[in-house]
Amino acid sequence: MGGKNKEYSEYGHELKSDKNCNLAVMKKILLFLVLACGVLLTSKAGAQCLRWRSFEESLVENGVRAQMNMQPKKVFIDIYTDWCGWCKRLDATTFSHPEIVRYMDSAFITVKLNAERTDTVYINNTAFVNQSAASGRRGSHDLAIQLLQGKMSYPSCTFLDERGQQITVVPGYMDAKQFEVLLHFVAEEAYKTTSWEEFSAKFAPRARVQ
């Protein structure tokens with residue numbers, strides 16, 4: 001009927017040709033897919049299963065949250081190896097505890113990182129590799145080495161703040177009761193004002209070890 005043709009999405013909203021508008025729409029779609037995927041995975045796996053991301057997926061998720069003016073989350077990274085028996089025990093006990101699952105899903109983006117992965121990871125145009133992969137030998141990935149500050153013991157975990165800055169590294173196995181204290185210590189940012197000894201002495205855990 002004269003004038004410019006308009007494009008419409010299947011939901012009936014007018015789509016502008018402006019690139020910034022299209023980029024904003026794509027970001028909304030990406031965020032929806034990321035969050036929707038998490039809901040589906042959680043519901044399929046059951047109430048006592050954490051939704052694990054890759055390290056790369058955690059960067060995308062927090063990046064999208066920031067673009068959408070949503071509060072980014074702190075990142076919890078479980079660093080493990082396939083041969084580590086205590087890593088498997090951590091999965092079977094602590095990471096399967098209902099209270100731990102509930103709190104971690106609400107407070108953190110949860111990541112699993114195989115310390116001996118053999119692929120290349122690019123972060124801010126920097127390549128992280130496994131130097132031993134080319135020779136077929138077992139060895140630690142550069143990313144794991146950096147996150148653990150060269151102290152390669154398993155299991156170990158580390159926390160990053162909302163800007164991707166490392167908060168702390170914690171080695172070793174913890175049961176659900178011990179681990180719950182650590183989660184709250186980091187999530188509530190008590191580490192900025194309170195010693196670990198003082199916080200843990202006052203904290204009343206909900207998790208019960210069976």
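These legends walk through close-up views of a predicted model.

**View 1. Meet the four-stranded sheet.** Four strands line up in the order β4-β3-β7-β8, forming an open sheet with mixed pairing. The edge places belong to β4 (108–114) and β8 (166–171); each has a single partner strand, so one side of each is left without a neighbour in the sheet. On average, neighbouring strands here are turned by 20° against each other, direction ignored. If sheets are new to you, it helps to know that their strands pair through backbone hydrogen bonds, either parallel or antiparallel.

**View 2. Strand β7 and its two partners.** Look for β7 at residues 156–160. With β8, strand β7 pairs in the antiparallel sense over five bridges. Two of the bridge partnerships can be picked out by name: C157 is partnered by V170 of β8, and T158 is partnered by V169 of β8. Strand β3 is also joined to β7 by five bridges, and these two strands run antiparallel. Here you can find F76, whose bridge partner in β7 is F159.

**View 3. The turn between β7 and β8.** The hairpin of β7 and β8 has five residues between the strands. One residue to look for is G164, which takes a positive phi near 90° in this hairpin.

**View 4. A strand covered on both faces.** Is β7 buried or exposed? Five of its five residues are buried, so β7 is largely enclosed by the rest of the structure. On one side of the strand sit S156, T158 and L160, and on the other sit C157 and F159; both faces are covered.

**View 5. Helix α2 lies on the sheet.** Helix α2, residues 55–67, packs on the sheet and touches three of its strands: β3 (74–80), β4 and β7. Compare the direction of α2 with that of β4, and you will find an angle of about 155°.

**View 6. Two helices side by side.** Helix α4 (residues 98–107) packs with helix α6 (residues 176–187) at an angle of about 15°, and their axes are 10 Å apart. The two helices are therefore roughly parallel to each other, and their crossing is left-handed. Which residues of α4 meet α6? They are E99, I100, Y103, M104 and A107, and they face A176, F179, E180, L183, H184 and A187 in α6. Sorted by class, this contact has eight nonpolar, one polar and two charged residues.

**View 7. The buried residues of α4.** Stay with α4 and find E99, I100, V101, Y103, M104 and A107, which are buried. The cover over the buried residues of this helix includes β3, β4 and α6.

**View 8. K177, a partly exposed residue in α6.** K177 is found in helix α6. With 46% relative accessibility, K177 counts as partly exposed. Now find E99 as well: K177 and E99 are 78 residues apart in sequence and 9.6 Å apart in space, C-alpha to C-alpha.

**View 9. S132, a buried loop residue.** Where is S132? Its place is in the loop between β6 (126–128) and α5 (142–147). S132 has 12% relative accessibility and therefore counts as buried. Leaving aside residues up to four places away in sequence, S132 touches R137, R138 and G139.

Key. Residues are numbered from 1 along each chain as its sequence is written. This is a predicted model: local features need pLDDT of at least 70, side-chain atom pairs count only at pLDDT 80 or more; totals for chains, interfaces and linings use all residues. Side-chain values use heavy atoms; hydrogens and water are left out. Two strands pair if DSSP finds at least two bridges between them. Axes are lines fitted to C-alpha atoms, for helices over the stretch in contact, and angles run from 0 to 180 degrees between N-to-C directions. Contact means heavy atoms within 4.5 Å. Angles under 35 degrees count as roughly parallel, over 145 as roughly antiparallel, 65 to 115 as roughly perpendicular and the rest as oblique. A crossing is left-handed if the near helix is turned anticlockwise from the far one by less than a right angle, and right-handed if clockwise. Ala, Val, Leu, Ile, Met, Phe, Trp, Tyr, Cys and Pro count as nonpolar, Asp, Glu, Lys and Arg as charged, and the others, Gly among them, as polar. Buried means under 20% relative accessible area, exposed over 50%, partly exposed in between (1.4 Å probe, protein chains only).
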